[in-house]
Every structure is written in C-alpha cells, then in structure tokens.
Amino acid sequence: MDTQDLVTTAGMAYIQLSDKELETLGKAVEQMVDFFEKMGEVNIEGLQPTTHAFIKKNRLREDEVRPSGIADEMLEQAPDLEDRFICIPNVL
Amino acid sequence: MAAQTRPWNETLKPEGIKAYKQFVAERDKQVASFLEFDPLRAQGTSNERAAVSTKSKTLEGLPFGVKDNIAVKNFHLTCGSKILESLVSPYNATAIQKLLDAGAVPVGKTNMDEFGMGSSTDNSAYKTTNNPHDLTRVSGGSSGGSAAAVAAGLVPFALGSDTGGSIRQPASFCGVYGLKPTYGAVSRYGLVAYASSLEVVGALAKDITILENVYETIKGLDGRDQTSTDPNDFPLLKKEVKTVGVLADRSGLDGMQAKSLEISIEALKKAGFAIKEVSLPLLDYAVPAYYTIASAEASANLARFNGIRYGNRPIYSENPDDLVRQARDQGFGDEVKLRILLGTFVLRSGFQDQYYLRAQKIRTAIRNQFDRAFEDIDLLLLPVFPIPAFKHGDLGMTAFQQKLADKYTTAANLTGLPGLSLPGPVLESVPVGMQFMAPAMHEHLLFQVARALQSSLPSADPAAYPAVYS
C-alpha cells in the first residue's frame with residue numbers, strides 16, 4: 001500500500017495522521033495487509049460467504065411506540081447542549 | 001491476610017460495605033483491575049427490581065464486576081478509550097438487567113483494551129492491569145480487568161465480552177473459568193459494538209457452578225438484539241460428553257502450553273473420557289480471516305464515535321468535519337486507529353473481493369470443517385494461547401505477534417460455537433489454561449467436562465491473594 005492509498009483511506013475514516021503516524025501506522029497496516037495475502041492459499045470455489053454464524057432471516061416486531069424514557073439522560077451526555085439542541089461549530 | 005471465610009452476600013449488607021470497599025481498595029492497589037468501584041450505586045435498582053422478580057434467586061447477594069464496554073446504569077462506559085471518558089450510561093444492558101433481577105449486584109467497571117482491541121489490557125487509555133499471580137505479567141485481554149478481579153478474589157464473577165478470545169485468553173492467563181457462549185445465546189443489547197458478527201457477552205468465575213448459574217441467567221432471546229437467538233431453536237445433538245477431540249498437530253506451542261495440554265489429556269482419560277485426534281488444517285487461516293472481518297466491522301461500528309452527541313470533543317474546531325477528525329485523533333489510541341484504517345481499506349471498492357469477501361468464504365470453510373469434526377467428537381480440546389501470560393511492554397510480545405497468537409481462540413468466534421477456558425496447572429509463576437469448544441448451544445457439555453476436571457485442575461488462588469470471601 002503506498003502513502004497515497006493510506007492517506008485516502010485515513011480521509012474516509014476521519015482519521016487524521018501526523019507525519020510520524022503515517023510512518024508507524026502505515027508500516028503496521030502494510031504488515032497486516034501483507035499477512036492477509038495468506039488467504040489466497042485457500043480454495044474458496046463454490047463457497048458462500050458467512051456474514052453471521054446462525055442468522056437465517058430478519059426478525060420483525062410489531063410497529064408500535066415503545067418509550068425509552070431516557071431521552072433527557074441521553075441528551076445530558078452531549079458535550080455542548082442548548083435547551084434540547086446539540087451544538088456543533090458553524091457548517092458554513 | 002488471615003483467611004476468614006465469609007459468604008459474599010455479607011459484603012453487600014450495610015455493615016459489610018465498608019470492610020468490602022477497604023478490602024478491594026487494598027487488593028486492587030497493585031492489580032489495578034477496576035476503573036470504577038462502588039458497591040452501593042446499583043443497589044437501589046436491585047431492590048426495586050427484586051420486588052417484581054419471580055425468578056429464582058440463585059445469584060442473590062453476589063457482587064460482580066463488569067467489563068467497561070457493557071452498559072450499567074449510572075456507571076461510566078469508557079470502553080477503555082479516551083473518547084468516551086465522560087460517558088455515563090443511562091441504561092442497563094440486557095445481561096445486567098437479568099443479573100439484577102436474579103439478585104446479583106454490579107459493583108464496578110473493569111479495565112480493558114480500548115474497545116476490546118488487544119490481548120494484554122495494556123491498550124487501555126487509563127491504567128495498566130497486572131496479573132495477580134505475577135504482577136510483572138499481563139492479565140491478558142481484552143477482558144483483562146474482569147479476569148484479574150476474579151482471580152484476586154475481589155468479586156466471585158465478572159462479565160466480559162469475547163470477539164476473538166477476549167474472555168478465554170485472560171481467564172486462562174489468570175487461572176479462572178471463562179465462558180464464551182454460542183453466538184446469539186446472550187443478548188448484545190448494551191454491549192458497545194466492535195465486531196458485531198463475532199462478539200458475545202460472557203462471564204468469568206472461579207467457581208464452575210456460579211459460572212453456570214450466570215450463564216443460565218443471562219442467556220435467552222431478546223427482542224432488543226436482532227442477532228440474539230432462541231436456544232430452543234437448536235437441536236439437542238448430544239446430552240453428555242463421551243469423546244473429546246484433540247488436535248493431532250500441536251506444534252508451535254510453547255513448552256509450558258504443551259505440558260498443560262498433556263496434563264489435561266491425562267486428566268480427561270482418568271475421568272473416563274475417550275480421546276480422539278482430529279485434524280483442522282484450516283485453523284492456519286483463522287487469524288487472517290478473523291482480522292479482515294473484525295477490522296471491517298470495527299471501521300463501521302466505530303464510525304459512530306464523533307464527539308458530537310456524547311463523549312469527548314475538542315475545545316475548538318473550525319467546522320463539523322474538523323470537530324470529528326480532532327475528536328477521533330485525540331480520542332483513539334494507536335491500535336484502534338490501526339484497525340479502523342485496516343477495516344476501511346479492506347472494504348474499499350476494488351479491494352472487497354480480495355480481502356473481505358474472501359475472508360467471509362474462508363469463514364464458511366472453517367465452519368464446515370468444525371461441523372465435520374463434531375460428527376466424530378463431542379467436545380474439542382484446544383490450547384488458548386501459544387504462550388503463558390507474558391511480561392508487560394518490550395519484554396512481552398509485539399502487537400503483531402499477539403495477533404498471530406489468536407489462532408486457537410478466533411475459531412470459536414468465526415464459527416459462532418461456544419468455548420470455555422479452564423484454569424490450568426500453575427507452571428513457573430502463572431497458570432496455563434486450556435479451552436474446550438462444543439457444538440452450537442451445547443454449553444451444558446462444557447460445564448459437564450469442567451466439573452469432571454474440577455478436582456484435578458482447580459482454580460488456584462494467587463499466592464499473594466488467598467481467598468477471603470467464599
């Protein structure tokens with residue numbers, strides 16, 4: 001993986017990398033990606049992918065209101081709150 | 001400390017609270033297993049619920065520790081990460097609520113590798129947890145705080161989560177029992193997600209009966225977790241254990257780990273079980289497939305931590321994007337950043353087939369291989385980790401070596417099968433445990449074999465932390 005690939009990937013993940021991190025994390029990522037190449041040795045022809053071990057179908061519940069009762073406590077967790085609005089810096 | 005055997009439930013009575021707090025503060029000075037400890041905080045909830053509960057109270061009065069990625073009302077929920085330093089949970093995870101209903105009391109939150117990513121608990125942003133058997137060594141991870149708290153006798157049991165071995169490995173390092181239930185057997189509602197298709201809530205204890213009671217209490221279908229399953233939907237294939245499979249290829253194991261396995265095999269034979277060698281060549285591919293899938297799921301799950309709705313945010317930021325970038329830069333540790341980068345990379349268009357899709361197909365192949373193996377055996381005996389509890393820092397293992405060492409634990413997560421690690425013999429200064437895997441929803445077989453081996457391979461108290469409450 002070249003540096004540009006890493007920078008693009010980091011941008012997608014909203015991870016800011018310093019020059020030092022580009023070097024250290026870059027090496028660590030590359031080491032893992034190289035290691036993943038080992039998976040090429042397995043014959044996967046005809047196999048279906050497993051996304052979850054035992055789930056076969058979606059489970060649905062009745063479409064009904066169920067109050068959580070903790071909305072205020074959830075809002076209290078916000079780092080910056082005005083009334084019941086969570087504040088962020090200016091978008092524009 | 002003089003051994004004064006008292007029942008655990010005395011510790012939670014008004015006259016016992018002060019002594020219990022002192023006892024934990026004293027013992028935890030050097031072990032450093034708890035991030036937060038307050039035996040009184042949940043007691044109100046417990047009594048309130050007790051009045052309406054009709055369940056039998058097998059766990060009545062037992063205090064327990066909770067890994068800090070499982071929600072307990074009014075306790076912090078840091079996941080061992082700076083980014084969630086300020087978060088206090090406004091609700092209880094399903095497993096916690098069920099334990100409260102059964103009369104058990106959560107008394108604190110235990111240390112862990114940040115978001116469950118690690119094998120030593122040294123990746124915690126808060127403190128270094130030491131192995132009660134040898135303080136120079138790690139307690140394992142990522143549920144290292146839970147394992148150390150149980151081993152040091154601070155609580156009779158603790159909850160953990162297991163995504164790639166995070167209950168079984170620290171349990172084996174600290175000489176206690178550690179159960180990773182079948183995927184979906186225990187609701188994940190209230191567990192902070194890292195790799196949703198792999199992880200489960202489970203428990204650690206020194207006493208196999210307590211562990212079984214905890215599992216029986218927390219298991220079951222939960223409408224709040226789409227992936228939770230009804231144990232009754234699974235066929236009962238085997239009522240009891242007769243034949244235990246062991247790996248034909250046991251190369252690559254440290255001398256002590258090999259010795260622990262040999263001792264276990266002898267103990268199994270003596271207890272009347274038949275032993276059969278099995279071959280699982282695809283185990284060699286469990287680690288790359290596991291890390292591909294776990295990183296991919298982590299990159300998606302950890303996208304929710306952005307410093308906006310909860311958690312830490314930077315003092316100043318130019319705009320919302322800058323806020324998110326700074327919050328994640330300041331809030332996440334190196335190992336977390338590594339796995340997010342890795343996961344984002346393997347999910348990028350152009351790379352998906354090569355990594356993520358291939359890993360999911362290998363996951364199928366590994367499941368098929370285990371299904372075939374369980375046609376001839378009832379349980380499978382495996383090592384937990386190739387080496388015993390290692391030293392902190394540079395004297396121990398590199399982050400990459402730790403990942404390679406997940407070979408024997410990740411199979412249970414990829415296949416969804418249950419696994420139980422047992423306390424092994426104390427070799428040199430630390431216990432060296434082993435694990436059993438069973439067919440899906442056949443936890444009863446794991447408890448059966450654990451009871452059969454209880455007398456020959458007991459959970460030994462650390463020399464410096466003899467049992468006071470039992």
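This report describes confidence, the nonpolar core and the chain contact in a predicted model.

Local features are taken where pLDDT is at least 70 and side-chain atom pairs where it is 80 or more, while totals for chains, interfaces and linings use all residues. Residues are numbered from 1 along each chain as its sequence is written, and chains are lettered from A in the order in which they are written.

The model scores ipTM 0.95 and pTM 0.96. For chain B the mean pLDDT (the predictor's confidence in each residue, from 0 to 100) is 94, and 96% of the residues of chain B reach 70 or more. Over residues 49-54 of chain B, however, the pLDDT is below 50, and this stretch has 4 contacts (C-beta atoms, placed from the backbone, within 7 Å) beyond near neighbours in sequence.

The largest nonpolar core, a set of buried Ala, Val, Leu, Ile, Met, Phe, Trp, Tyr and Cys residues joined through C-beta atoms within 7 Å, where buried means 20 or more other C-beta atoms within 10 Å, holds 151 residues, and Phe157(B), Tyr177(B), Leu204(B) and Leu379(B) touch the most other members. Helix 8 of chain B (helices being DSSP runs of H or I, at least four residues, numbered from the N terminus) gives the most to this core, with 9 residues. Leaving aside neighbours within four places in sequence, Leu204(B) is in contact with residues including Phe157(B) and Tyr177(B).

The contact between the chains takes 55 residues from chain B and 41 residues from chain A. Helix 11 of chain B (353-376) is among the elements that each supply at least two residues of the side touching chain A, and helix 11 gives the most, with 11 residues. The table divides this side by class.

| Class on the side of chain B that touches chain A | Count |
|---|---|
| Nonpolar (Ala, Val, Leu, Ile, Met, Phe, Trp, Tyr, Cys and Pro) | 26 residues |
| Polar (the others, Gly among them) | 16 residues |
| Charged (Asp, Glu, Lys and Arg) | 13 residues |

Terms used. Two residues are in contact if their C-beta atoms, placed from the backbone, lie within 7 Å. A residue is buried if 20 or more other C-beta atoms lie within 10 Å of its own, exposed if 12 or fewer, and partly exposed in between; C-beta atoms are placed from the backbone.
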